[in-house]
Amino acid sequence: MSWLERLRDGLGKTRQQISGTAGSLGQEVQEAFTRLDTIEDLEYALIAADVGRAATQEIIEDIRKSEGGNLQDALMRALTLQLEPNARRAEFRKLGFAPDVARSKVEPKGHVIMVIGVNGVGKTTTIAKLGQYYMTRGKSVMFAAGDTFRAAAGTQLGVWGERLGISVIQGSDGGDPAAVAFDGASARKSRGTDLLLVDTAGRLHNKHNLMEELKKVQRVIAKADPGEPAEVWLVLDAVTGQNGLQQAKKFHESTPLTGVIVTKLDGTAKGGILVPIVRELGVPIKFIGVGEQPGDLQPFDSQEFVRALFNVDIPKS
Ligand SMILES: Nc1nc2c(ncn2[C@@H]2O[C@H](COP(=O)(O)OP(=O)(O)OP(=O)(O)O)[C@@H](O)[C@H]2O)c(=O)[nH]1
Ligand SMILES: [Mg+2]
């Protein structure tokens, strides 16, 4: 299966949830607005998919203003617009709809990417996938096993490293994660490796400790290699929906994020969560994950996402 097929497949639950609730999206926009229940059903469907109220209202407004065409086309345009960063969305609306570059820029600004997020969201697996992604694009990659809290977390990353041929800086279970991060950042610098991906714990004895620990890891990396980590990416499990978004905000307050990776879009009917992530966090979505295999992670592309969501063919460019 190609990535696009897996993406379509993965978004199946969200698609069913939207089209099942919204009813026929094939009707003309103008006709739909003559029957209020159609629009109410669509609103309900979007909210149930976790698109959020503010974005849903804007989407309905954009559809209302669209000139002709059917409901699905207007909805797809409006949704794509909601997946653009806030400033670009305003600009596109003024110009009429025309995003040029929809695909996220995933070239890291520097050499160290710290990967954070609560437990079980897919951090370690995502690090492995990212390692493969960058390696197949010609970059040298290293991992640092900074989750020393959960027993066997280091082993899990070690297994991935072995499978992918990526070297892993390990600490000891229960040891100091900042020490592992420091060793990793120093080793990356001295070896001249292009990229270091730092895994972190998703859970400690309490939440406050976790945030403090992440800040410390970040500080120590900067000590070993000034200017790094250039990127702090939060992994968010789409299945957790609005809850995950609230957690993301907490992380963002304490360790400012430069990107978000949304995983498990294959396991949820709430794929609309990407919309409030973009709107409320104001941080770009870098990658999305639709499965457990290394190839199941790809740079986020708003147009591709919306087309896959509605099972519409993607024109070959
Ligand atoms: N279906 C699906 N499963 C995924 C995806 N990404 C990760 N997983 C699975 O989610 C589970 C947890 O992944 P981990 O990478 O261990 O998560 P983590 O955030 O490192 O968890 P902790 O180390 O406990 O904090 C694993 O079974 C992964 O295979 C995805 O995009 N889709
Ligand atoms: Mg982990």
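Which helix gives the largest share of the lining of the largest pocket? The answer is α8, residues 123-135, which contributes five residues. The structure under discussion is a predicted model, and this report describes its empty spaces, its ligand and two points of its backbone.

**The largest pocket**

The largest pocket holds about 390 Å³ of space. It is lined by 20 residues, and those closest to its centre are G120, V121, G122, K123 and T125. Sorted by class, the lining of this pocket comprises two nonpolar, 10 polar and eight charged residues.

**The surroundings of ligand 1**

There are 20 residues around ligand 1, and the nearest of them are K123, T124, T125, D266 and E292. K123 and T125 also stand among the residues closest to the centre of the largest pocket.

Oxygen atoms of ligand 1 also lie at short listed distances from polar atoms of the protein. With G120, the partner is a polar backbone atom, 2.9 Å from an oxygen atom of the ligand. With R150, a polar side-chain atom takes this place, at 3.0 Å. With G291, the partner is again a polar backbone atom, and the distance to a ligand oxygen atom is 3.2 Å. Taken alone, ligand 1 exposes 660 Å², of which the protein buries 81%.

**The cavities**

Rolling a probe the size of a water molecule over the atoms shows where empty space is left. In this model, two cavities of 30 Å³ or more are counted. The table sets out their volumes and the classes of their lining residues.

| Cavity | Volume | Lining residues by class |
|---|---|---|
| Largest cavity | about 60 Å³ | seven nonpolar, three polar, no charged |
| Second largest cavity | about 40 Å³ | seven nonpolar, three polar, no charged |

Which residues line the largest cavity? They are T14, I18, V51, L79, L83, G271, G272, V275, F305 and L309. The elements that supply two or more residues to this lining are α2 (12-22) and α14 (302-309). Domain 1 (3-95) and domain 2 (112-300) each provide at least three residues of the lining of the largest cavity.

The second largest cavity is lined by G117, V118, V121, L234, V235, L236, G244, Q247, A248 and F251. Two elements, β5 (231-237) and α12 (241-254), each give at least two residues to this lining. The largest share, four residues, comes from α12. V121 appears in this lining, and V121 is also named among the residues closest to the centre of the largest pocket.

**Two points of the backbone**

Where does P229 lie? P229 is placed in the loop between α11 (207-224) and β5. The peptide bond that leads from E228 to P229 is cis, with omega near -5°. The strand β5 has already been met as a contributor to the lining of the second largest cavity.

The other point is K264, in the loop between β6 (259-263) and α13 (274-281). K264 has a phi near 60°, a positive value in a residue other than glycine.

**Summary**

The lining of the largest pocket includes 10 polar and eight charged residues, whereas the lining of the largest cavity has no charged residues. The lining of the second largest cavity likewise has no charged residues. The protein buries 81% of the area that ligand 1 exposes when taken alone.

Note on methods. Residues numbered from 1 in each chain as written. Chains lettered and ligands numbered in written order. Predicted model: local features only at pLDDT ≥ 70, side-chain atom pairs only at ≥ 80, totals over all residues. Heavy atoms only, no water. 1 Å grid on protein atoms, 1.4 Å probe; cavity = no way out; pocket = protein on both sides within 12 Å on 5 of 7 lines; lining within 4 Å. Points joined across faces, edges and corners; volume = space filled by probe spheres on them. Nonpolar A, V, L, I, M, F, W, Y, C, P; charged D, E, K, R; others polar. Domains from an automatic or database assignment. Near = heavy atom within 4 Å. Polar contact = N/O pair within 3.5 Å; in protein donor to acceptor, adjacent residues only side chain to side chain. Areas by Shrake-Rupley, 256 points an atom, 1.4 Å probe, with all protein chains shown as cover.
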